[in-house]
Amino acid sequence: MNLTGGQMVCESLIREGVDVIFGLPGGAILPLYQTLPEYPQLRHILVRHEQGAAHAADGYARVTGRPGVAWATSGPGATNLVTGIASAQMDSVPMVVITGQVSRAAIGSDAFQETDTTGITLPITKHNYLIMDPAEIPQAIHEAFHIANSGRPGPVLVDIPKDVFQEKGVFEYPNKIDLPGYKPTLGGHASQIKKAAKLISESQRPVILAGHGIIFSEAYDELKELAEKAQIPVITTLLGISSFPDDHLLCVGMPGMHGMAYASLAIEEADLLIALGMRFDDRITGKRSAFALGSRKIHIDIDPSEIGKNIPVDVPIVGDLKSVLTKLNKHIEPATHVGWLQRIEDLKSKHPSMNIRDTDKLLPQYIIQQLSEATDGNAYVVTGVGQHQMWAAQHYVYKEPRSFVTSGGSGAMGYEVPGAMGVQVGKPDKVVWSVAGDGGFQMTMAELATMVENNIPVKFAIINNNYLGMVRQWQEFFYQKNYVATSYTHNPDFVKLAEAFGMLGIRVTDKTQVRSAIEKAMDYDGPALIDFVVEEEENVFPMIPAGQTIHDLIEEPAPEKAMRQ
Amino acid sequence: MNMNKISTRTISALVQDKPGVLNRVSSMFRRRGFNIASLAVGHSEMPNLSRMTFVVEGGDQVVEQVTKHLHKLIDVIKVSDISEDNVVSRELALIRVKSNVQNRSEIMQVVDIFRANIVDVAPESLIIEVTGDGNKIESLQDLLKGFGILEVMRTGTIAMNRGLESRQDNDNSRRQTASWGEASSV
Ligand SMILES: Cc1ncc(C[n+]2csc(CCOP(=O)(O)OP(=O)(O)O)c2C)c(N)n1
Ligand SMILES: [Mg+2]
């Protein structure tokens, strides 16, 4: 088949099972756009800003498990994607990004809208390609999808010059992958697995730390089997939330900086940590040299470079969690750990991190709890970054795998709007709530127009504290309440804004209106927004300040303790 | 953070001979804060594959991370830590020293002892070519200091196992198995 480069891209995407692309055109990618009408199977969603395209592709991928696709033109189009690509790389999200580039002859001449896209994205992609011949397109795209969604997933970028889109070549879709330098280990080492089983049977106080890897590997049942068979409490990292049902008896919740005090304490008291698809991020460990000193560690991860990177490990296993846990479970002896589970219950009652202050004021925590009840824990919740993100992680009871979606490693404010758009496109039949910060929402709110245009019915709960709240909290605790550049004194009227975009807008200022507003937004056929005007200086508790230990835990609104250090 | 004492280690990598590979590798070293004492790149015996030899500064934990992160790059095919093997390691250096008619023969004696060569003679300077391991080159440099070194250029170390049984291409996984399971890229 003789096709243009642009046609080859479309043919290749169809063969990879792509059904939706988020993008925005420009000169260098225009020849690709002009072939799109020939391929009605490819749904293109025209965004308002390329960052939106990247985050939307990321959200789509996180909830479907299939690589999200975003594309943009050269230069500023490509650089606008960068935040979204970096966030996907940090959270191991499979994505294929295509960028237009200036024509081959112009490369290196500082031509109009030329940027070194492969250079810029080299450290924030799993791999990238610069295509110099249309005949390379099918192989590169086939490899890109394979690399993006195998092993430890991640974003892959393919940069294609304008004249390569236009030139014709022979299209032959490869049916095999030949990457001698890329052969992820999946199975896990048999003797290491036996060693792990032995450690588990010897332990008195084991805990599981379940991370994003459980979700990528879809090892939910295997995790549950391990936990139930040996009665091991399960702690979920921020990105591991929803890998294990929050309402399960063995679920202990999130540990770390803003985690449940009892989860952090359980880690401290445990004699064995079973770390599954997580990477001992500093928000979990705090001061590394003081982290969980009393326990041995089993670390199972598909990426060997994560093992031993932050925390020394006793039994490392490289492999895919579904396969490794299936094997491990065969060696696991049933156990009860009655005393240990009782101890955790005691910790929970002594440190009730989930309690919400009794007050008539409109508290963000209460809103999340109401949202959880109103949706019966079955909605998909997408967040921005900041206080509202932590409250959404803490107070919503997640029941469905993949239903908590957040920019964790990168912490990209602004994710809440386009991220939620991608999630809704990936899960058209589900209720999708974006729990947004007033700050982050304004970074990407242009995508509301995209949602109205394409009838993408995301519901927004803006936790409007008129502050860059999380930063304000740090200023309150660590900089003597010196609130520099964190207050928004002239936020827009979000209800009018919603109406201007053609959405339903509701304002809630009182506790009693919360539930009915949530119901009204969900009953509305289309995107809707609730502006929750909340207590402005509410803080997120518990808190272990950055770089500190479990002994520095702040559980109650008594910031003097923190301010002293 | 790392309690291991600082030492240097030699790592060899077989890589795809594609544009940008050197950039990928050096970018990874920079980003992760690994220190490279030297880096040498050239074609291998196989078409489209190159070999890179790194001399890396750091303890065991650092070297383990370097090896793993190198392996994680899609274009890197094999990685071997050959520091403790029975290896031949060589480096080439060109050294320009000040010299005049009076001291030329004295310099030539030093050059002979080191089995180095004089490859250019000018009225006021000489260029000496020397091959050997890093220590040998440094010793020669020390001896030449007295005459006045004008310029030094070194290629960086390349290294190869002795004997026929070349372990460079297959040992990475085996070496590491003991400590963390199988090798792989991700
Ligand atoms: C793009 C970006 N810029 C800056 C930050 C630093 N930052 C972290 S949380 C935060 C405040 C977020 O404010 P808002 O979205 O209103 O959420 P809140 O904390 O008030 O719930 C800021 C500025 C960030 N994470 N991302
Ligand atoms: Mg705010």
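## Ligand shell and magnesium site in chain A

By class, the residues forming the shell around ligand 1 divide into seven nonpolar, nine polar and one charged. The model discussed here is a predicted one, and every value below is computed from it.

Around ligand 1 there are 17 residues, of which Gln387(A), His388(A), Gly439(A), Gly440(A) and Gly469(A) come nearest. Polar contacts between ligand 1 and the protein involve both side-chain and backbone atoms, as the table sets out.

| Ligand 1 atom | Protein partner | Distance |
|---|---|---|
| oxygen | N or O atom in the side chain of His388(A) | 2.8 Å |
| nitrogen | polar backbone atom of Gly411(A) | 2.8 Å |
| oxygen | polar backbone atom of Met470(A) | 2.9 Å |

On its own, ligand 1 has 580 Å² of accessible area, and the protein covers 76% of that area. Three elements of chain A, namely α16 (387-395), α18 (438-444) and α20 (469-478), each give two or more residues to the shell around ligand 1, and α18(A), with four residues, gives the most.

The magnesium ion (ligand 2) has as its protein donors Asp438(A) through OD, Asn465(A) through OD1 and Tyr467(A) through O, and these lie 2.0 to 2.1 Å from the ion. Read along the chain, the donors of the magnesium ion follow the spacing D-x26-N-x1-Y. Because Asp438(A) lies in helix α18 of chain A, whereas Tyr467(A) lies in the loop between β18 (459-464) and α20 of chain A, this pair ties together parts that are 29 residues apart in sequence. Helix α18(A) is thus named on both counts, giving four residues to the shell around ligand 1 and holding the magnesium donor Asp438(A).

Are these two donors buried or exposed? Asp438(A) has a relative accessibility of 1% and therefore counts as buried, and Tyr467(A), with a relative accessible area of 10%, is buried as well.

Turning to the chain as a whole, chain A has 23 helices and 20 strands, and buried residues make up 62% of its 565 residues. Taken along the principal axes, the C-alpha atoms of chain A fill a box of roughly 70 × 60 × 40 Å. A compact globule with 565 residues would have a radius of gyration near 24 Å, and because chain A has 24 Å, its value agrees with that expectation.

Conventions:
Residues numbered from 1 in each chain as written. Chains lettered and ligands numbered in written order. Predicted model: local features only at pLDDT ≥ 70, side-chain atom pairs only at ≥ 80, totals over all residues. Heavy atoms only, no water. Near = heavy atom within 4 Å. Polar contact = N/O pair within 3.5 Å; in protein donor to acceptor, adjacent residues only side chain to side chain. Areas by Shrake-Rupley, 256 points an atom, 1.4 Å probe, with all protein chains shown as cover. Nonpolar A, V, L, I, M, F, W, Y, C, P; charged D, E, K, R; others polar. Donors = N, O, S within 2.8 Å, 3.2 Å for Na, K, Ca; no water. Buried < 20%, exposed > 50% of the residue type's maximum accessible area, 1.4 Å probe, protein only. Rg over C-alpha atoms; globule rule 2.2 N^0.38 Å.
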